Protein chains: 2
Amino acid sequence: MYEPPPATLAAPESLPVPTMGSGEPLLQRLASEFGSLRKSERKVAVMVAENPEFFMHSTMAAVAEAAGVSEPTVMRFCTSLGFDGFQSFKINLAQTLALGIPATHSAINDDDSIPELTTKIFDHTLTSLDRARRNLDTRQIESAVAMLVTASNIIFIGFGASGIVAQDAAQKFPLFGVPCLAPIDAHQQFMAASSSTPGTVLVVISNTGRTKPLIEMARQAKRNGASVIAIAGGDAPLLSETDVNIVVKTFDDTDFYTPTVSRLAVLVVIDILATSVATGRGPEHLGRVRAMKHDLTSFRNGD
Amino acid sequence: MYEPPPATLAAPESLPVPTMGSGEPLLQRLASEFGSLRKSERKVAVMVAENPEFFMHSTMAAVAEAAGVSEPTVMRFCTSLGFDGFQSFKINLAQTLALGIPATHSAINDDDSIPELTTKIFDHTLTSLDRARRNLDTRQIESAVAMLVTASNIIFIGFGASGIVAQDAAQKFPLFGVPCLAPIDAHQQFMAASSSTPGTVLVVISNTGRTKPLIEMARQAKRNGASVIAIAGGDAPLLSETDVNIVVKTFDDTDFYTPTVSRLAVLVVIDILATSVATGRGPEHLGRVRAMKHDLTSFRNGD
DNA sequence: ATTTATCGGTAGTATTACTACACAAGTGAT
DNA sequence: ATCACTTGTGTAGTAATACTACCGATAAAT
């Protein structure tokens, strides 16, 4: 007769998530795993969600009292989420709180005061940048840098907010060390892509990665033998047309009030690329950059 | 005979800094107050500076052992810096570490690997944005918003990186609800400032606040009765020529490797301004913005 | 309705942070 | 140079806190 597999299989591992923070923000996880919590543990969960600051500075006894449960329940709550204990949880909570209350917990309302709005937007920005950092694949960056240091010229293209980012990138041409172009209108962009050569690197910036004209330009550049780097917010049609893909994950701008934070994250990525390329080009190149910066200061002040 | 003043005067208040984080980053303070620490406490200080992660996850006994001092010394170290105790210090340390190791502790070297460089730049960016947030005066924002909601048209100007920021700001004109201009070259900028009217609001973006042509443009706009808002990195000549000054403090880009993070902070401030103005204009305006966003998505995908 | 498994609290224990005290080292004055 | 005195550091003890083992209650399943 058939024997069912041993019951121990029912408890493989409580949580694959490591104890310290490389995963999703804590309060996010709290919401998603709320269903798998016990009734009394949920009381603790809502307490920490409503008043994380208090939790952070309190002892177990105080938390237990405030949530209306016993101390071991608080303890179980912490271990249920995969932490070593109360202290470990508190430390982790402090970490996420440093970036501000995550966006999902603080949507922007019409009647928010300016100070409220200020903190909310900063919180959202910092949390999103943190997310981008955690999800960034440095190998992609490495490939991109390798491509850029051997480039004879670089073209940055993008529409809307990404177009501004492209402008910013092109302005860093002293760091890249080769001529940089960032045409603004669609026709000029296509012309640039179309007249690219095998030495050209085309950097396509698109948050959605679905903008059709950009995909077309990427194809055109590749036909000319150019290398194409895509910087996008996630999996998208564009990424299958390119040589290197840098995925910059932020929090989706579901609420239309919340400003597009993705462009900030992309700007940071550009910073990383530019700096990496500059250091990769050796000391004499850096000397030229330094001299340029110095001269610019004089020019700016009108000396 | 002369009696010296009572000795109690020698200990007025240990530290004016509040226990929780509104001041400078912790590791920064550690460096600046290192001199006023006792010999054994300094051992603890260097330990936490070298290996903050370890400190964060350890007990007092472990830290004492690692630093080669006794537990009370660790305790005194915490209180000397103005914290309630060991726990309080640990929580605060975790907070600062969440943003990454601050810039001053991790200057960029020529031989840094790409992953190293990535974390360093992200850390620097996040820390700087956090600093900008803490030092931002919301009353200045409020004044600026009050000015912008009554504007009939808005002009954004800036040079270099700030010029890009101006472009980005102008692109948010749907949120501002009035025509926005962001001329690129100096002559066009001056012409725009010169042809401004009392309904015009001129937003001058300059990190240094010393760029002479910009100051001249601000003067010109004021002569025409326009209102002028300055967004700058600190006290500077420009600020005495304007109606409202928004100071965005980041970390000075002393090292020329470190990319200019100030522009990112200013972008966030622009986000705040745009969102505030949009909500301030009432629901029917927001409805139009929402419709516009929806239509843009269709256009983008070429449907 | 009874058994069984899951859940929550009470009581106890081992750590851990914190404090009071005493010794040592450095400093200034007689 | 020696002595009083301040300052700094460690030892020993205490109160608290986090964590654990156990048992009663409650809900679920048969």
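**Two chains on two DNA strands**

Let me begin with DNA strand C, where the surface near the strand (a residue being near if one of its heavy atoms lies within 4 Å) takes at least two residues from each of helix 2 (39-50) and helix 5 (71-80) of chain A, and from each of helix 4 (60-67), helix 5 (71-80) and helix 6 (86-98) of chain B. Helices here are DSSP runs of H or I with at least four residues, numbered from the N terminus.

Before going on, I should say that this is a predicted model, in which local features need pLDDT of at least 70 and side-chain atom pairs count only at pLDDT 80 or more, while totals for chains, interfaces and linings use all residues. Residues are numbered from 1 along each chain as its sequence is written, chains are lettered from A and ligands numbered from 1 in the order in which they are written, and side-chain values use heavy atoms, with hydrogens and water left out.

Staying with DNA strand C, there are 15 residues around it, and those that come nearest are A:R38, A:S40, A:T73, B:M60 and B:F86. Of the strand's atoms that come within 4 Å of the protein, 76% belong to sugar and phosphate. The largest share of this surface, three residues, comes from helix 5 of chain A. By class, the surface near DNA strand C has six nonpolar, six polar and three charged residues, where Ala, Val, Leu, Ile, Met, Phe, Trp, Tyr, Cys and Pro count as nonpolar, Asp, Glu, Lys and Arg as charged, and the others, Gly among them, as polar.

Now for the polar contacts, meaning pairs of N or O atoms within 3.5 Å. A polar backbone atom of B:M60 is 2.7 Å from a phosphate oxygen of DNA strand C, and a backbone N or O atom of A:K39 lies 3.4 Å from a phosphate oxygen of that strand. A base is reached as well: a polar side-chain atom of A:R76 lies 3.0 Å from a base nitrogen of DNA strand C.

Turning to DNA strand D, 15 residues surround it, and the closest are A:M60, A:F86, B:R38, B:S40 and B:T73. Sugar and phosphate make up 75% of the atoms of DNA strand D that come within 4 Å of the protein. In the side chain of B:R38, an N or O atom is 2.8 Å from a phosphate oxygen of DNA strand D, while a polar side-chain atom of B:R76 lies 3.0 Å from a base nitrogen of this strand. Helix 5 of chain B gives the most to this surface, with three residues.

How are the two chains related? Chain B superposes on chain A (by least squares on the C-alpha atoms of residues with pLDDT of at least 70 in both) through a rotation of 180° with 0.0 Å of shift along its axis, at an RMSD of 0.1 Å. That is the relation of a two-fold axis. Within chain B, the residue closest to the rotation axis is B:Q95, whose C-alpha is at 2.4 Å. The same surface serves both copies, since 98% of the contact residues of chain B (contact being heavy atoms within 4.5 Å) recur in chain A.

Finally, one helix pair between the chains. The axes of helix 8 (residues 138-149) of chain A and helix 7 (residues 114-135) of chain B come within 9 Å and cross at roughly 110°, these axes being lines fitted to C-alpha atoms over the stretch in contact, with angles from 0 to 180 degrees between N-to-C directions. The two helices are therefore roughly perpendicular to each other, a term for angles of 65 to 115 degrees. Here A:T138, A:I141, A:E142 and A:V145 meet B:I114, B:P115 and B:T118.

Methods. Polar contact = N/O pair within 3.5 Å; in protein donor to acceptor, adjacent residues only side chain to side chain. Parallel < 35°, antiparallel > 145°, perpendicular 65-115°, else oblique.
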